[in-house]
Amino acid sequence: MTDQTTILKQRVQEYIDEMADQLIHISLTLHANPELAFEEYQSMALLADTAEQHGYAVERGVAGLETSFVATSVGKAPGPTVAFVAEYDALPGIGHACGHNIIGTAALGAGLAIQAVRRDLPGTVKVIGTPAEERGGGKVIMVERGIFDDIDAAMMVHPGAKAMTTRGTLASNKLRFEFFGKSAHAAAAPDLGVNALDACIHTFVNINALRQHVTPDVRIHGIITHGGEAPNIVPAYAAAEFSVRAASSEASFAVADKVARCAEAGALAAGAEVKIHHTTHYANRLANPTMARLFEENITPLGENVQVPAPGERMGSSDMGNVSQIVPAIHPYVTIVNPGTGGHTPEFAAAAASERGHQALIRSAKAMAMTAVDLLTQPALMAQTKAEFEAMIDRNAEWRKRRFFS
């Protein structure tokens with residue numbers, strides 16, 4: 001690390017300390033006004049407007065998504081493009097129980113800190129506002145519509161129960177099944193009906209049989225979203241939604257195809273018709289080793305005890321996986337709760353607005369800003385990052401040919 005890099009990293013930390021109260025206020029404002037996927041109008045405006053007030057050129061509504069934005073700051077000297085990725089959607093009923101208020105504000109804070117050293121820092125920095133991580137896959141759409149094509153490295157931070165820099169995710173597929181039968185009087189003329197709900201229930205039974213014959217990383221879970229109108233009417237229509245996950249994108253597609261056959265068999269058994277909608281794919285997330293190391297080196301002195309993911313580490317899915325499959329990326333975790341307190345709970349939502357949550361926010365903004373300084377001032381690090389990325393991905397993988405939003 002050069003003396004200049006050290007000086008710049010110190011300055012971004014000092015700037016974030018100066019604006020800590022403002023960042024905490026933004027985080028609390030997001031937390032107090034939770035907005036669901038693709039409806040994050042106030043949240044997007046707050047983040048985008050603040051970036052614009054600090055000298056970023058902001059484009060709103062990119063990739064055809066009304067609640068997305070890209071804020072861009074260009075240095076005087078040429079160089080790579082580094083992106084801080086912001087999330088800001090909430091969960092139904094329990095608000096920011098995944099801490100997206102911290103995620104969005106930390107990305108913004110890192111971006112604002114770069115402005116404090118902008119004249120001494122080459123390259124381009126972007127804050128990319130990505131809606132609908134929880135439901136709908138905003139990053140999936142933005143990746144497929146080219147928003148990340150000019151990015152050399154991307155990063156975001158997620159709150160959790162322990163600090164980790166290299167934890168991955170399961171790949172995930174969202175499937176929706178619609179079953180079509182024929183209504184009839186369930187008592188007077190059941191023989192004239194075709195029960196769409198039976199087809200749906202058979203699908204669940206078939207999937208339960210499938211569970212015996214999948215690898216341990218596979219997760220299949222679903223709900224019935226429509227089961228009929230009244231008990232005395234043979235249901236002419238039923239619907240269900242499933243999430244199908246596995247360790248890799250390729251494996252997840254293979255399991256999804258089997259789950260689809262379970263639905264086809266269920267419909268066949270009931271004499272109904274089925275329409276299968278494969279709506280979203282979250283790719284498995286890849287953690288770039290050099291970026292992960294830099295982030296750990298930057299956040300450890302700030303008080304985070306970074307841990308190596310345990311064997312069999314529990315994992316969910318994230319559309320940041322799609323970003324990590326096209327550019328070098330990291331998605332580290334910082335602590336706001338004790339082990340045993342899971343995300344998507346009221347307890348986690350409370351922690352996202354707690355003093356511990358505020359500390360994680362400030363640490364995250366500092367660590368991301370410093371990691372960006374490392375990458376922008378030391379070309380060898382960026383070259384190493386890109387080389388690792390090329391070694392990690394398979395550009396010819398069959399699943400890459402499948403698209404959902406193009």
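The following exchange concerns helix packing, a cavity and one arginine in a predicted model.

Colleague: Why is helix α1 called oblique to helix α4?

Modeller: The axes of α1 (residues 3–18) and α4 (residues 100–115) come within 9 Å and cross at roughly 120 degrees. Angles of 65 to 115 degrees count as roughly perpendicular and those over 145 as roughly antiparallel. The crossing of roughly 120 degrees falls in neither class, and therefore α1 is oblique to α4. The crossing is right-handed.

Colleague: Which residues make the contact of α1 with α4, and how do they divide by class?

Modeller: V12, Y15 and I16 of α1 meet G109, L112 and A113 of α4. Five of these residues are nonpolar, one is polar and none is charged. The polar one is G109, because Gly counts as polar here.

Colleague: What makes α3 roughly parallel to α4?

Modeller: Helix α3 (residues 41–53) packs against α4 at an angle of about 5 degrees, the axes lying 10 Å apart. Angles under 35 degrees count as roughly parallel, so α3 is described as roughly parallel to α4. On the α3 side the contact involves L47, T50 and A51, and on the α4 side G104, T105, L108 and L112. These divide into four nonpolar and three polar residues, with no charged ones.

Colleague: Why is α6 described as oblique to α7?

Modeller: Helix α6 (residues 196–210) and helix α7 (residues 249–270) have axes that come within 7 Å and cross at roughly 135 degrees. Roughly antiparallel would need an angle over 145 degrees, and roughly perpendicular one of 65 to 115. The value of roughly 135 degrees meets neither condition, and so α6 is oblique to α7. The handedness of this crossing is right-handed.

Colleague: How many charged residues does the contact of α6 with α7 have, and which are they?

Modeller: By class, the contact has ten nonpolar, four polar and two charged residues. Asp and Lys count as charged, so the two are D198 of α6 and K258 of α7. Among the other contact residues are H202 and N206 of α6 and C262 and G266 of α7.

Colleague: What makes the space in this structure a cavity?

Modeller: A cavity is a set of points where a 1.4 Å probe fits but cannot get out. The structure holds one cavity of 30 Å³ or more, and about 40 Å³ of space lies in the largest cavity.

Colleague: Which residues line the largest cavity?

Modeller: The lining consists of L286, N288, S324, V327, P328, A329, F389 and M392. Six of them are nonpolar, two are polar and none is charged. The polar pair is N288 and S324, because neither Asn nor Ser is listed as nonpolar or charged.

Colleague: Where is R363 found, and which residues does R363 touch?

Modeller: R363 is found in helix α11 (residues 355–377). Leaving aside residues up to four places away in sequence, R363 touches I299, L302, G303 and E304. R363 and A380 are 17 residues apart in sequence and 26 Å apart in space, C-alpha to C-alpha.

Definitions and conventions. Residues are numbered from 1 along each chain as its sequence is written. This is a predicted model: local features need pLDDT of at least 70, side-chain atom pairs count only at pLDDT 80 or more; totals for chains, interfaces and linings use all residues. Side-chain values use heavy atoms; hydrogens and water are left out. Axes are lines fitted to C-alpha atoms, for helices over the stretch in contact, and angles run from 0 to 180 degrees between N-to-C directions. Helices (H or I, at least four residues) and strands (E, at least two) are DSSP runs, numbered from the N terminus. A crossing is left-handed if the near helix is turned anticlockwise from the far one by less than a right angle, and right-handed if clockwise. Contact means heavy atoms within 4.5 Å. On a 1 Å grid over the protein atoms alone, a cavity is a set of points where a 1.4 Å probe fits but cannot get out, and a pocket is an open set with protein on both sides within 12 Å along at least five of seven lines; lining residues have an atom within 4 Å of a point. Grid points are joined across faces, edges and corners, and a volume is the space filled by probe spheres set on the points.
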